[in-house]
Amino acid sequence: MATDTPAAGLSNLAQEDRRFPPDPAFAAQAVASSALYEQARADRLGFWAQQARSLLDWSRDFTTTLDWDDAPFAKWFEDGQLNVAYNCADRHVAAGNGERVAIHFEGEPGDTRTITYAELTALVKKCANVLLSLGVRKGDRVAIYLPMIPEAVVAMLACARIGAAHSVVFGGFSADALRSRIQDAEASLVITSDGGYRRGKATALKPAVDTALASGADTVSNVLVVRRTGQDVEWTPGRDLWWHEAMEQADDEHVAEPMDAEQPLFILYTSGTTGNPKGILHTSGGYLTQVAFTHRNVFDLHPQTDVYWCTADVGWVTGHSYVVYGPLANGATQVIYEGTPETPHQGRWWEIVAKFGVTILYTAPTAIRTFMKWGEQIPAQHDLSSLRLLGSVGESINPEAWMWYRRVIGADRTPIVDTWWQTETGAIMVSPLPGVTTTKPGSAQVPLPGISVDVLSDAGEPVPNEQAGYLVLTEPWPAMLRGIWGDPDRYKETYWSRFEHRYFAGDGAKRDEDGDIWLLGRVDDVMNVSGHRLSTIEIESALVSHPKVAEAAVVGAADETTGQAVCAFVILRSGAQEGPDIGTELREHVANQIGGIAKPRKILVVAELPKTRSGKIMRRLLRDVAEKRHIGDVTTLADSSVMDLIASGLDSASQE
Ligand code: PRX
């Protein structure tokens, strides 16, 4: 399965000697303390039980913390009951914080909405009644295909409130990707919008839903449509309903029913090493405990005074855990921005920080590198003095990007938390604690309290410090995935078979001389493009489904801004006319099959692909070519002249 050794990325890491100890003034006010590590070390399960009880309201207390008898299938807080939506909305109103702002929404065209916790609660209750009136029941699945607008949050919480699992599909995915996700989860309802605003234009979403439903997603009985842009939409009477009309007619009152801690909360599809995306299943009590704990401690949240902004889309796990569930469980005030950073100008984010007085910013290294490219004169035009903590997620942050982030955005003052986690882990696992940890640029550093990790060799032995190995999690954690939707064997095989009793994350890592963790990138066929996970094999399958393509190999080539860029090598079918536009044609095809984010940056038509004598494509060599490196060892190739041909053709590659 692993095609690369984790040592591959090691040479990129220079020795890093810079250290940033916590500022004493910050530490004196910090939410986190080193006592958390001690408590968790002394009694890990007791620690999580205490967090669950202190951070959340339970309708029925639990008596067991973890049931691991059926490992790797975990149950946390099993006999406890709670309602996730009640914990994220109503209880803040009950505690007298109904007038606190939950969401400052900023639309890309500049329209704004302010939603208090009292208003959020009222919207969620109404939406829960809409779902019930459409026949959605506890245990059903609802697909959500929306832009970054408050209705996405309301829809997710309304599902949680009635015990229906949501499956949010990122708005950038194609009709085909939406169809396969609806089919896999057998969703009975789709919540979408006419469209949204992106890069100064109204983009459409509803047509993709219509196409998905016409091409086989036949479990869906209704489509609820938010009016965002006002553009014309096709309408199927009886099936399609306007959100605003349904909400207007819905009852105001809805009493949240207690749910079992293990009630499915959501399914979120993510790319793996094989063809179809996996439906990662998360449940209620353990997930909410860990997202609330990490959001509070990793971001040093002071809910009365902080204004928090996580720039992720709700279509990704970061949006689930750190836009919706973590911040709202903690009663935070947050910013939600619909659009892109350069619309209408490259200072838009910084204008938003100044406008709302954002204190905590959580974003991805790819965004930071883009801002570096645009230049520090742009953020310098805005007042960023409200910022007091900066976070990073999605891929390793290069030490220089870390330093720039701290100096230019954080005025050389703010702590930076580099947070490692995954769709599967549900919540942050490895990260400094602000006010406690002395940080190092580029390192995610230490497992959080209550989390156990190790770095193993190929043979499954812990490797010494300074040596690369595979990152594993050695104990179950509350927000862990409960499985892959409909495929328990794939769950065991993917995560629990590489090393016995250990969760295999798919990342390479090393510990430095102090024992701090450095992430070295994926060790499987998963690429990371702008912090988004893409599968090489999924894109290869999409390319091969084009009538002109006989064979395809896809690699992620290092890219200064996006981390990796998709680079495709294709062999055309005999008789297929290459034509000047084959690159554009194939790129569009991939966009239709998966979505715009999966479009190859470079496409190279080749006569042969480098293969071993047993027929395995040697992606390592293709990556060498794509990154314009000296081509490595070719002795295992069936035909070693292939690489010369490919390398000489690189300059004629179709490039976007
Ligand atoms: O390779 C790691 C990388 O992103 C993968 C998880 O992707 P996804 O499930 O889409 O979730 C992304 C947001 C949590 C990981 O296997 N990754 C994520 N955060 C970091 C990271 N790599 C290095 N450092 C990080 N902070």
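Which strands are among what covers the buried residues of α16? The cover includes β15 (278-283), β23 (483-484) and β24 (503-511). Helix α16 itself spans residues 488-496, and its buried residues are Arg-490, Tyr-491, Thr-494, Tyr-495 and Trp-496. An α-helix has 3.6 residues a turn, so residues three or four places apart point the same way. Please keep in mind as you look around that this is a predicted model.

**A sheet of seven strands**

Let us turn to an open sheet. Seven strands make it up, in the order β5-β4-β17-β16-β18-β19-β20, and their pairing is mixed. At its edges are β5 (112-116) and β20 (416-419), each of which pairs on one side only. From one strand to the next, the twist averages 15°.

Within this sheet, you can follow one pair in detail. Strand β4 (residues 101-106) runs parallel to strand β17 (residues 333-337), and four bridges link the two. If you look for His-104, you will find Val-335 of β17 standing opposite. A helix also lies across part of the sheet: α15 (residues 399-409) crosses β18 (360-363), β19 (389-393) and β20, and runs at about 150° to β19.

**The ligand and its shell**

Next comes the ligand, which has 17 residues around it; the closest are Thr-419, Thr-423, Asp-507, Arg-522 and Arg-533. Three elements, α12 (317-329), β20 and β25 (517-522), each supply at least two residues of this shell. The table gives some polar distances between the ligand and the protein.

| Residue | Atom of the residue | Atom of the ligand | Distance |
|---|---|---|---|
| Glu-395 | polar backbone atom | nitrogen | 3.4 Å |
| Gln-422 | polar side-chain atom | oxygen | 2.9 Å |
| Asp-507 | N or O atom in the side chain | oxygen | 2.5 Å |

On its own the ligand has 540 Å² of accessible area, and the protein covers 95% of that.

**A hairpin with a covered strand**

Arg-533, one of the closest residues to the ligand, brings us to strand β27 (residues 532-535). Are the residues on the two faces of β27 buried or exposed? His-532 and Leu-534 on one side are buried, and so are Arg-533 and Ser-535 on the other. In a regular strand the side chains alternate between the two faces of the sheet.

The partner of β27 is strand β26 (residues 526-529), and the two pair in the antiparallel sense over four bridges. One of the bridge partners is easy to find: Val-529 is matched with His-532 in β27. Two residues lie between the strands of this hairpin, and Ser-530 takes a positive phi near 50°.

**Around Asp-559**

Further along the chain, Asp-559 lies in strand β28 (residues 549-559). What does Asp-559 contact, leaving aside its neighbours within four places in sequence? The contacts are Gln-564, Ala-565 and Arg-601. With Arg-601, the side chain of Asp-559 makes a polar contact of 2.7 Å. A polar atom of that side chain also lies 2.9 Å from the backbone nitrogen of Thr-561.

**A loop residue to finish**

Finally, visit Thr-64, in the loop between α3 (44-55) and β1 (66-67). Why does Thr-64 count as partly exposed? Its relative accessibility is 36%, and partly exposed residues fall between the 20% and 50% cut-offs. Apart from neighbours within four places in sequence, Thr-64 is in contact with Phe-77, Glu-78 and Asp-79. Thr-64 and Phe-77 are 13 residues apart in sequence, while their C-alpha atoms are 5.7 Å apart in space.

Conventions:
Residues numbered from 1 in each chain as written. Predicted model: local features only at pLDDT ≥ 70, side-chain atom pairs only at ≥ 80, totals over all residues. Heavy atoms only, no water. Pairing = 2+ DSSP bridges. Axes fitted to C-alpha atoms, helices over the stretch in contact; angles between N-to-C directions. Contact = heavy atoms within 4.5 Å. Buried < 20%, exposed > 50% of the residue type's maximum accessible area, 1.4 Å probe, protein only. Polar contact = N/O pair within 3.5 Å; in protein donor to acceptor, adjacent residues only side chain to side chain. Near = heavy atom within 4 Å. Areas by Shrake-Rupley, 256 points an atom, 1.4 Å probe, with all protein chains shown as cover.
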